[in-house]
Amino acid sequence: MNVHSPVKLSFDPRQLPSDLWIGGKWRPGMTGKRMEVFDPSTGKAIATIADASIEDALDAVSAAHTAAPGWAATAPRERGEILRRCFDLMIARRDMLAELISLENGKSLSDAKGEVTYAAEFFRWFSEEAVRLNGDIYSAPSGANKIVVQHQPIGVAVLITPWNFPAAMATRKIAPALAAGCTCVLKPATETPLTAYVLADLYREAGVPDGVVNVITTSRSGATVSAMLHDPRVRKLSFTGSTEVGRKLLHEAADNVISCSMELGGNAPFIVFDDADLEAALDGAMIAKMRNGGEACTAANRFYVQSGIADAFSKGLTDRMAALKVGAGYDPATQCGPLINKDAVERIGGLVDEAVADGAAVLAGGKADDRAGFYFAPTVLAGVKADARITREEIFGPVVAISTFDREDDVVASANDTEYGLIAYVYTGDLARGLRVSERLESGMVGLNRGLVSDPAAPFGGVKQSGLGREGAHHGIMEFCETKYIAVSW
Ligand code: NAD
């Protein structure tokens with residue numbers, strides 16, 4: 001594995017905002033406790049952040065609740081213009097934000113720059129959606145009255161985000177919430193909180209009023225989030241994270257019948273038919289597998305390659321994976337950064353060892369690196385058994401697991417044999433087959449001859465246990481709206 005050494009940063013992470021952002025003020029948590037934030041590229045602590053108590057979290061709900069009527073009454077055009085300024089500021093600060101994301105998450109700088117652009121685009125898209133929240137008016141079939149339908153802000157929203165996209169998972173929620181006229185409390189992952197706090201300051205600068213966005217970090221996410229979900233002023237939960245935690249939160253949200261949008265785990269099949277364009281399939285495979293070093297819910301998790309193209313595809317992918325430059329995320333030469341933490345390295349090592357013990361061949365990589373930092377070598381396994389654990393669980397790292405197939409019906413059955421249903425990828429030169437298979441796949445999204453689908457203008461989300469609801473597109477703003485029907489006689 002080709003390894004780079006860390007480079008000097010353009011900022012001091014200890015000087016960044018690190019207290020709770022509540023009601024337009026920075027404040028330490030009530031208990032005064034702090035948590036450490038680590039650089040996965042070195043394994044060293046880089047900053048500390050405030051640790052919110054339940055009381056802090058309920059204060060954040062109070063701040064959001066107090067700000068709600070004013071924000072809901074703000075003209076959609078004005079809300080849209082504030083969101084547009086958030087977009088402009090994020091793009092202007094892309095380099096610094098990318099460096100920060102690389103620092104706390106470990107992803108390569110080019111992935112981090114891509115994330116900042118993607119994250120900012122949610123503000124641009126929803127700045128435009130803010131003024132397109134159209135209702136409807138029509139006559140009751142009886143002729144007795146008119147039916148007037150409006151979309152109103154749902155109320156205070158609790159937003160919970162994972163560590164793998166520290167900026168984009170937050171803006172994918174904050175932008176539509178604000179466009180719809182909702183106020184919110186964001187609880188980012190404790191692994192990557194600095195990006196969320198730096199962005200909170202950017203929203204203030206863009207003109208987001210005090211209390212409209214609040215950001216808290218806590219070491220007791222279970223108890224703190226539970227307290228917020230049991231506060232009757234909270235009406236919305238938008239969660240992105242694992243299916244396991246998502247299930248728990250759906251139970252919590254049931255007590256107060258809170259509206260839930262859930263973006264959960266994935267187990268994406270990547271299907272390559274014999275008639276696929278090999279180079280295009282390899283390019284797509286690298287994007288679908290290696291964006292974020294494999295730490296993406298959309299990451300290709302199981303490669304199913306038809307027998308006639310299997311050897312050429314495995315060789316091509318092995319060459320590309322083995323050539324990746326591994327190193328500190330913020331080193332501009334790095335193509336594959338570290339994993340998020342030691343647990344991830346150990347978990348992935350376990351999945352690989354088990355697959356190899358069960359007969360899979362290691363074509364590249366296959367093991368962790370024992371230096372400081374949390375590195376796992378880009379790995380390719382071939383001959384992976386259909387029921388191996390590595391095909392059932394999210395790998396969430398730089399490991400390709402390849403199986404072969406012969407018949408279309410068999411590969412569709414294998415692809416659908418999972419509780420997940422976020423995304424699937426299909427490569428074929430036959431468009432009719434591509435569309436037919438896309439329709440049969442049980443997933444919310446399909447990349448047909450494409451390894452990247454994420455787009456703020458498109459509805460992102462999963463079926464089965466990969467989630468409920470959609471983010472992005474017009475669907476994204478509707479998740480933060482209640483439908484109001486007024487029967488009118490005139
Ligand atoms: P996670 O579920 O462990 O944590 C997600 C968030 O929930 C974090 O902020 C965490 O602090 C919080 N959390 C953890 N336990 C909680 C509890 N009991 N109550 C309340 N909050 C709690 O997920 P992760 O490890 O941060 O992220 C990786 C997972 O996220 C993967 O499964 C990935 O597929 C998924 N993900 C999904 C999407 C999508 O759009 N579908 C996008 C990105 C990541």
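Which residues does Ser 41 touch, not counting residues up to four places away in sequence? I took this as my opening entry, working from a predicted model.

**Entry 1: Ser 41.** I located Ser 41 in the loop between strand 4 (34–39) and strand 5 (44–50). Leaving out residues up to four places away in sequence, I listed its contacts as Gly 106, Ala 328, Gly 329, Tyr 330, Pro 338, Ala 372, Gly 373 and Tyr 375. For Gly 329 I also noted a polar pairing: its backbone nitrogen lies 3.1 Å from a polar atom of the Ser 41 side chain. I recorded Ser 41 as buried because its relative accessible area is 4%, and buried means under 20%.

**Entry 2: the annotated domain.** I looked up the UniProt record, an unreviewed entry, which gives "domain: Aldehyde dehydrogenase" for residues 26–486. Over this range I read 42% helix and 21% strand. The C-alpha atoms at the two ends of the range are 42 Å apart.

**Entry 3: Glu 263.** The unreviewed UniProt entry places the feature "active site" at Glu 263. I found Glu 263 in strand 12 (residues 259–263). Is Glu 263 buried or exposed? At 4% relative accessibility, Glu 263 counts as buried. Not counting residues up to four places away in sequence, I noted that Glu 263 touches Arg 172, Leu 422 and Ser 466, among others. Its contacts also include Phe 239, Thr 240 and Gly 241, as well as Phe 460, Gly 461 and Gly 462. I completed the list with Gly 469, Arg 470 and Glu 471.

**Entry 4: Asp 231.** I placed Asp 231 in the loop between helix 7 (221–229) and strand 11 (234–240). With residues up to four places away in sequence set aside, Asp 231 touches Leu 58, Val 61 and Asn 256. Its relative accessibility is 10%, so I entered Asp 231 as buried.

**Entry 5: positive phi values.** I next turned to backbone angles. Most residues other than glycine have a negative phi. I noted Asn 292, with a positive phi near 65°, and Ala 473, with a positive phi near 60°. Asn 292 lies in the loop between helix 9 (278–290) and strand 14 (300–306), whereas Ala 473 is found in helix 15 (residues 473–478). I recorded Asn 292 as buried at 4% relative accessibility and Ala 473 as buried at 5%.

**Entry 6: helix 2 against helix 4.** How do helix 2 and helix 4 pack? I read an angle of about 160° between helix 2 (residues 76–92) and helix 4 (residues 109–129), with their axes 7 Å apart. The two helices are therefore roughly antiparallel, and their crossing is left-handed. On the helix 2 side I noted Leu 83, Phe 87, Met 90 and Ile 91 among the residues in contact. The helix 4 residues that they meet include Val 116, Ala 120, Phe 123 and Phe 126.

**Entry 7: helix 3 against helix 4.** I then examined helix 3 (residues 94–105), whose axis comes within 8 Å of that of helix 4 and crosses it at roughly 120°. Helix 3 and helix 4 are therefore oblique to each other, and I recorded their crossing as right-handed. Among the helix 3 residues in this contact are Arg 94, Leu 97, Ala 98 and Ile 101. The helix 4 side includes Leu 109, Ala 112, Lys 113 and Val 116. I thus listed Val 116 of helix 4 in the contact with helix 2 and in the contact with helix 3.

Conventions: Residues numbered from 1 in each chain as written. Predicted model: local features only at pLDDT ≥ 70, side-chain atom pairs only at ≥ 80, totals over all residues. Heavy atoms only, no water. UniProt positions renumbered as here; feature names shortened; annotations may be inferred. Buried < 20%, exposed > 50% of the residue type's maximum accessible area, 1.4 Å probe, protein only. Contact = heavy atoms within 4.5 Å. Polar contact = N/O pair within 3.5 Å; in protein donor to acceptor, adjacent residues only side chain to side chain. Axes fitted to C-alpha atoms, helices over the stretch in contact; angles between N-to-C directions. Parallel < 35°, antiparallel > 145°, perpendicular 65-115°, else oblique. Left-handed = near helix turned anticlockwise from the far one by under 90°.
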